[in-house]
Structure formats: structure tokens, C-alpha cells
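Student: I should like a close look at a single meeting place in this structure. Please explain how its parts are arranged, and then set it beside the other contacts that can be described.

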Amino acid sequence: MEQFMQQVVNGISLGSIYALIALGYTMVYGIIKLINFAHGDVYMFGAYIGYFCMTTLKLDVLPSLLIAMVCSTILGVAIEKIAYKPLRNATRIAVLITAIGVSLLIEYGTMFFMKAGVRTYPPMTGLMAQKFHIKGLVITMQQVLIVIITIILMVLLQFIVKKTRVGKAMRAVSLDRDAAELMGINVDTTISFTFAIGSALAGAAGILVGLYYNSINPLMGVMPGLKAFIAAVFGGIGIIPGAMVGGYVIGVVEVFVSGYLNSMYRDAIVFAILILILIVKPSGLFGRNVREKV
Amino acid sequence: MRNRLKTLINPNIIIRIISLALAFTVVQVLISVNVINSYLQITLATICINIILAVSLNLITGFTGQFSLGHAGFMSIGAYTCAIITMRYGTLWSFILGVFLGALLAALVGFLVGLPTLRLQGDYLAIATLGMSEIIRVVFVNLDVITNGAAGLSDIPQFVNWIWLFVFTAGVVWVIANFLNSSHGRACISIREDEIASSAMGINTTRYKVMAFTFGAFCAGIAGAMYSSYFYVIKPDLFGFLKSIDILVIVVFGGLGSITGSVLAAVLLAIMSTFLQAFSEIRMILYAVLLVAIMIFRPQGLMGSKEITIGMFNKLGNMFSSKKEV
């Protein structure tokens with residue numbers, strides 16, 4: 001039982017990270033129907049910025065987090081302006097191929113400048129190194145931090161999407177882009193804003209993962225990126241609460257598979273879940289079936 | 001009967017056969033006089049295998065409009081099947097059996113993955129095929145007894161030489177070209193152009209999408225078998241996501257929807273990679289920039305959906321001869 005609870009705790013920490021990445025995927029997909037393959041690399045970029053802040057600049061965790069989020073936002077918006085905007089009216093395959101190209105460019109660009117090897121985050125000291133022992137469970141300060149920051153960011157996101165003017169514009173554009181444009185909404189700005197928010201969340205996830213696992217490398221974004229996308233599909237792509245739930249489910253499943261079965265199978269199982277969802281309920285957990293219209 | 005005879009002695013087909021035979025003989029002679037040395041022969045094999053892969057992926061992505069990211073997975077099924085069979089029996093017949101069994105298995109997996117995912121609109125196929133190739137890789141890593149795990153298989157008997165490479169490459173390209181020129185092929189192209197319209201015209205879109213996808217997987221299986229039997233070492237990591245991207249770059253560069261474009265791009269990119277062998281990071285950066293730049297500035301690729309035809313050469317010839325007269 002203790003081991004079970006411990007796995008749940010680990011699963012929730014990992015799930016928080018997937019949920020943060022999945023939110024970016026789901027928002028971007030909801031608004032321009034694009035699987036943003038470069039999203040996982042924005043997350044990697046966030047981890048590297050965090051590393052830079054904490055080693056070279058010797059900053060504390062929270063300022064590093066904010067800087068990483070700002071830098072990731074800039075990168076995300078730049079990607080959108082340079083690579084995706086010229087293709088607004090191109091075929092979906094063209095945009096998808098571009099997304100893969102951008103993703104490879106960031107990965108191998110980072111590898112070229114930062115070298116391929118693994119880098120380790122500085123060891124935690126003081127408050128950050130604390131561990132809590134509750135009835136045999138071990139909860140590290142990093143895990144607490146991950147969950148708290150994730151919850152804060154999610155509440156903030158809900159507030160932005162539901163209560164602000166930009167959030168309203170985002171919802172309108174994702175519902176019907178042409179109609180939104182006719183109502184006087186600046187679609188381009190709204191799309192950029194969506195990329196900005198998604199990238200900020202991914203950057204936060206990047207630095208949190210660096211704190212949690214201590215090691216980062218240029219290709220670290222590939223797998224979490226794909227898994228976060230699966231999480232988004234699981235919850236129903238385009239639906240924000242769906243991405244959160246999906247992220248936690250995928251995180252817990254993955255931890256359980258590597259805890260109780262074989263950690264070699266953990267990636268395969270997640271992809272098997274995807275194929276299963278596509279067979280059983282392609283619209284996802286919270287999705288509704290939408291009929292294709294001419 | 002007379003009609004049939006007429007199509008058989010159609011001048012186009014005769015020219016095709018003659019030019020293929022010519023290409024084969026020239027390379028064969030160059031190999032035998034050692035102008036194409038053993039180093040260049042490796043490039044030649046890579047080109048042939050990449051042509052099979054690119055043309056079959058083009059059938060799925062370029063002509064039918066379904067975005068697949070799992071071509072390397074199908075390739076690995078063909079490679080492992082052929083390798084295991086030839087390592088056990090070691091005869092030429094077992095090699096031929098291995099090629100076809102590998103291709104059939106790849107097609108079967110393609111069918112099983114394609115059937116549920118191709119019904120869906122949108123980009124789910126891309127992620128599902130990516131996931132499938134990842135699952136296949138994990139399975140090969142974990143089936144220690146047959147596949148020797150992550151270390152892979154080595155000392156696979158080498159049966160593939162230029163003759164086999166040529167036969168299979170030309171065969172696959174010819175069959176796919178003919179398929180595209182049939183009513184099935186036109187149905188596939190109509191799906192790419194407008195899925196809703198083509199289903200309104202009575203085309204069973206799911207059936208044709210699955211058909212193209214399965215056929216593409218079959219050809220990728222052949223390419224995998226060629227690979228394992230030529231390079232006699234395979235391991236699961238060779239057939240990862242990056243291999244699928246490699247194939248995709250060839251298809252996109254050559255033009256989505258152009259067979260000759262794919263062939264041309266396979267040759268050009270193989271030559272480019274030979275030069276960039278020592279700098280794999282720069283090669284990937286270059287590939288990435290190439291992908292983005294092509295999509296932004298020339299989304300139809302090198303050739304678009306045009307083909308290099310014999311008629312083009314005639315026109316070119318006429319241009320030159322008319323110039324001379326003037």
C-alpha cells in the first residue's frame with residue numbers, strides 16, 4: 001500500500017509536467033488545428049534557460065522560473081511569426097512538415113551550440129532540499145513545488161481564458177475563425193497570444209523537470225512532447241480541462257508501468273493508449289463527436 | 001486481344017524498358033571496371049533503398065494525402081524478418097522468402113494500424129504511425145531471444161547485390177507508377193484533392209486510404225529486407241523517428257506527388273549526405289532548414305506534382321535542334 005501511494009505521488013508530479021505541456025498543445029491545436037511538434041523543444045529550451053540562470057547567473061529558483069517562462073514565450077512567438085504565419089492558408093500537411101522542421105532545427109541547433117551531452121542542474125540546498133516523511137511516504141520539496149506551481153499556473157490560465165478579453169477572443173477564434181474575424185477580432189494577435197501562453201507553460205515545465213530529474217539534454221523534449229500530445233488527445237484535443245486530466249492520467253500510468261511492470265515498456269504503453277483511444281473514442285474523454293460538414 | 005498486344009508494344013513501355021536496361025548495364029559495367037568502387041557501391045545501395053522508401057511514402061503522403069511518420073517502423077519489420085530467416089537457412093531461396101514474408105508482415109501491421117486510424121479526419125494518423133513505429137522498436141528491443149535486443153543482429157548473410165537492388169527498386173517504382181495510373185490510383189489522388197467531394201462521387205475513401213497505406217507499408221518492408229541483407233548489421237535504433245524523417249525529407253524535397261521527383265531527391269540527398277557524413281549535427285540542421293524553407297517558399301517541392309517524362313526530353317531535343325536550324 002505504501003509503495004502504491006508512493007507511486008501515485010510520483011505519478012502526480014510527472015503528470016503535472018505532462019499537463020503543463022499538454023495545455024500548450026491543446027490550445028494551439030484548438031485554435032489553428034496544428035500539432036505543434038516544436039512545442040516539446042520549447043520545453044527543452046525552458047530547461048536550458050533555467051540551467052543557465054541557476055548556474056551561470058546563480059539565481060534562485062523562482063526568478064529562474066520567471067526568466068525561463070519569458071524566454072520560452074519569446075521563442076514560441078518567434079516560431080509562430082517566422083515559420084507558421086506564412087503558411088496560414090497552406091495545406092495541413094505543409095504546416096505539419098514545417099512544424100517537424102522547426103522542431104529538428106531547435107534540437108540540433110541546441111546540440112550544435114550546447115553540445116550533445118547531458119547537463120546536470122545544481123544540487124538543491126536549504127529549503128529546496130527538504131524531504132517530507134508522512135506515514136512512510138517520501139515527498140520531496142521539488143515534488144511539492146511542481147504541484148503547487150502547476151496548480152497556480154492552471155488557475156491563472158483558467159482566469160485568462162474565461163475572464164479576460166484576450167481569453168474571450170481565443171475562445172471565439174477556436175470556435176470559428178472567420179466569424180471571429182468578422183466580429184473585429186484580430187486573429188493574428190490572438191494566435192500569437194495563444195502561442196505565448198502555451199510556450200510560457202512549456203518553459204515552466206522545462207525548468208521544473210530540470211529540478212526534478214536534475215539532468216537535461218537537447219533531445220529531452222521529444223518524448224515528453226509526444227506524450228503530452230497523447231495526453232491532450234486523451235482528454236479531448238482543444239479542451240483545456242481535458243489536457244489537465246489527460247496529463248495526470250498519462251503520468252500516473254507511466255509511473256505505474258515502470259514501477260510494477262518493466263520500465264522498458266513505458267513508452268510503448270503510452271502509445272498503445274493513444275491507438276486505443278483512436279479506436280474507441282477519437283474525440284477524447286471530454287470531447288463531443290463533431291460531424292464533418294461540407 | 002489485339003488491344004492488349006497494342007499496349008504491350010506501346011512505344012512508351014518499350015522506351016522505358018530500354019532505358020532501364022541501359023541504366024542497369026552502365027552501372028554494372030562501371031562496377032565491374034571498378035569505377036564505382038566498394039565505397040561508392042554503399043552509396044548506390046543507399047540510393048536504391050531510399051528510392052523504394054521515398055516512392056512508397058510518396059504514395060501514402062504525396063498521392064493519397066495521408067501523413068505517415070512511421071515508415072521506418074515498417075522498414076524495420078521487413079529488415080528483421082528477412083534477417084532472421086536468412087540467418088537460419090542461409091540459402092538464396094530463404095532470402096527471397098524473407099523479402100516477401102517481411103513485406104507481407106509489414107503490410108499486415110500497416111493494415112491493422114491503418115484501419116482504425118485512417119477513418120479519422122485530421123492529423124491523428126501522423127501521431128498513431130509515430131507511436132506504432134515506437135512500439136515496434138520497443139518490441140524489437142525486448143524480444144531478446146529472436147532479435148538480440150538493443151545490440152541488434154549482425155553477420156546477416158549478404159545476398160543483395162546490384163542486380164537485386166535494381167530489380168526491386170525498378171520493380172517497386174514501376175508497380176507504384178502503374179498503380180497510380182489505374183482507377184485505384186486516381187481514386188487515391190482524388191482523396192488528396194478533396195476527401196468529401198470524392199466520397200460524394202461514390203469512392204469508398206477509407207478503403208482506398210487503407211489500400212494505399214498497406215501497399216506503402218509492403219514496399220517499405222521490401223526496402224528493409226534489402227537494407228538488412230546488404231548492410232548485414234541491423235539494430236532497433238536504426239529505425240527510429242529520425243529515419244522516418246529522413247524519408248520524409250526526400251519525399252518533400254522531391255515533391256509531394258511526383259515519383260520521378262522522389263527518385264531525383266533520393267539521389268541528390270544521398271550524395272549530399274555522403275559529403276556531410278562527418279558532420280551529422282550540421283546535416284540535421286541543414287535538413288531542418290531545408291524542410292522549413294521548402295514549405296514556406298516552394299511547398300510543392302522540387303518537382304511539384306510534375307513528372308520527368310520521355311516527352312520532356314523530346315521537347316528538349318526539339319528545342320536544341322530548332323535552334324541549330326536557325
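Tutor: Two residues are taken to be in contact if their C-beta atoms, placed from the backbone, lie within 7 Å. The model is a predicted one, and every contact below is to be read in that light.

In chain A, H39(A), G40(A) and Y43(A) of α2(A) meet V222(A), P224(A) and G225(A) of α9(A). Helix α2 of chain A covers residues 39-55, and its axis runs 8 Å from that of α9(A), at an angle of about 130 degrees. Angles over 145 degrees count as roughly antiparallel and those from 65 to 115 as roughly perpendicular; the pair α2(A) and α9(A) is therefore oblique. The crossing of α2(A) past α9(A) is right-handed. By character, the residues of this contact comprise three nonpolar, three polar and no charged.

Helix α9(A) also has a part in the meeting of the two chains. That contact draws 35 residues from chain A and 33 residues from chain B. On the side of chain A that touches chain B, the elements giving two or more residues are α4 (92-114), α9 (222-235) and α11 (266-280). Of these, α4(A) gives the most, with 15 residues. The chain A side divides into 29 nonpolar, three polar and three charged residues.

Across in chain B, a second helix pair can be set beside the first. Helix α2 (residues 11-32) and helix α8 (residues 162-180) of chain B have axes 11 Å apart and pack at an angle of about 160 degrees. Because angles over 145 degrees count as roughly antiparallel, α2(B) is roughly antiparallel to α8(B). Here too the crossing is described by its hand: α2(B) passes α8(B) in a right-handed crossing. From α2(B) the contact takes L20(B), F24(B), V27(B), Q28(B) and I31(B), while α8(B) supplies W162(B), F166(B) and A170(B). These residues divide into seven nonpolar, one polar and no charged.

Chain B as a whole holds 15 helices and two strands. Its radius of gyration is 20 Å, close to the 20 Å that the globule rule gives for 326 residues, so chain B is as compact as a globular protein of that length. Buried residues account for 46% of its 326 residues. Among contacts in chain B between residues at least 6 apart in sequence, 81% join residues at least 24 apart.

How values were computed: Residues numbered from 1 in each chain as written. Chains lettered and ligands numbered in written order. Predicted model: local features only at pLDDT ≥ 70, side-chain atom pairs only at ≥ 80, totals over all residues. Helix = DSSP H or I, 4+ residues; strand = E, 2+ residues; numbered from the N terminus. Rg over C-alpha atoms; globule rule 2.2 N^0.38 Å. Buried ≥ 20, exposed ≤ 12 C-beta atoms within 10 Å, placed from the backbone. Axes fitted to C-alpha atoms, helices over the stretch in contact; angles between N-to-C directions. Parallel < 35°, antiparallel > 145°, perpendicular 65-115°, else oblique. Left-handed = near helix turned anticlockwise from the far one by under 90°. Nonpolar A, V, L, I, M, F, W, Y, C, P; charged D, E, K, R; others polar.
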